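Subject: Structure for you to look at, with notes

Dear colleague,

I am handing over the structure we spoke about, and below it you will find my notes on what turned up in it. Please read them with the model open beside you.

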Amino acid sequence: QVELVESGGGLVQAGGSLSVSCAASGNIFSINVMGWYRQAPGKQRELVATITSVGSTNYADSVKGRFTISRGNAKNTVNLQMNSLKPEDTGVYYCHLRQIGVPLAYGYWGQGTQVTVSS
């Protein structure tokens, strides 16, 4: 069993910055992908960014150049630094962990943390 605990997020004005972090514990695969997804009200959950256990990153086009995903100093932690935030970045941000090569549905989700960007 794997548990993901998120922290950070909150309320910020447009143009501001926020960060969210996630710590994974339990039976974690050594070769894995951790990432962030978000869901706005009335919309489907969408990819924000992912990072593999060897540091390869992937970003949604909408956040490239503004968001940075990184692995923390502690094993199996992931951080998302969000700069130049826009109102359309508002949503619940979910941490996700899966083994590389495994479909998204077979991974693990955190409980979500709210990010609200006011205009």
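The side chains of E46 and R38 form a salt bridge, with 2.7 Å between N and O; please keep in mind throughout that this is a predicted model. The two partners differ in how far they are covered, because E46, at 36% relative accessibility, counts as partly exposed, whereas R38, at 6%, counts as buried.

R38 also forms a salt bridge with D89, and here the closest N and O atoms are 2.9 Å apart. What does this pair tie together? D89 lies in the loop between β8 (77-82) and β9 (91-99) while R38 sits in strand β4 (residues 32-39), so the salt bridge ties together parts of the chain that are 51 residues apart in sequence. Both D89 and R38 are buried.

D89 in turn meets R66 in a salt bridge between their side chains, at 2.8 Å from N to O. This pair, too, links distant parts of the chain, since D89 is in the loop between β8 and β9 and R66 is in the loop between β6 (57-59) and β7 (67-71), 23 residues apart. R66 is buried, as is D89. Through salt bridges that share partners, R38, E46, R66 and D89 are joined into one network, and the count for the model comes to 4 salt bridges. As general background, side chains of opposite charge can pair when their charged atoms come close.

It is worth staying with R38 a little longer, in strand β4. Besides the polar contact of 2.9 Å between its side chain and that of D89, a polar contact of 3.0 Å joins the side chains of R38 and Y93. If neighbours within four places in sequence are left aside, the residues in contact with R38 include Q44, R45, V48, S62, V63 and F67, and also among them are E88, V92 and Y93.

A second residue that I looked at in strand β4 is G35. Is G35 buried or exposed? At 2% relative accessibility, G35 counts as buried, because the cut-off for that class is under 20%. Again leaving aside neighbours within four places in sequence, G35 is in contact with A49, T50, I69, Y94, C95 and H96. The C-alpha atoms of G35 and N58, which are 23 residues apart along the chain, are separated by 9.0 Å.

Turning to the strands, there is an open sheet of 4 strands in the order β1-β3-β8-β7, and the pairing in it is antiparallel. The edge strands are β1 (2-8) and β7, each of which pairs on one side only. On average, neighbouring strands of this sheet are turned by 15 degrees against each other, direction ignored. Within the sheet, β7 and β8 pair in the antiparallel sense over 5 bridges, and if you would like a position by which to find this pairing, S70 stands opposite N79 in β8. In general, strands of a sheet pair through backbone hydrogen bonds, either parallel or antiparallel.

With best wishes

How values were computed. Residues are numbered from 1 along each chain as its sequence is written. This is a predicted model: local features need pLDDT of at least 70, side-chain atom pairs count only at pLDDT 80 or more; totals for chains, interfaces and linings use all residues. Side-chain values use heavy atoms; hydrogens and water are left out. Buried means under 20% relative accessible area, exposed over 50%, partly exposed in between (1.4 Å probe, protein chains only). Helices (H or I, at least four residues) and strands (E, at least two) are DSSP runs, numbered from the N terminus. A polar contact is a pair of N or O atoms within 3.5 Å; within protein, one must be able to donate a hydrogen and the other to accept it, and residues adjacent in sequence count only if both atoms are side-chain atoms. Contact means heavy atoms within 4.5 Å. Two strands pair if DSSP finds at least two bridges between them. Axes are lines fitted to C-alpha atoms, for helices over the stretch in contact, and angles run from 0 to 180 degrees between N-to-C directions.
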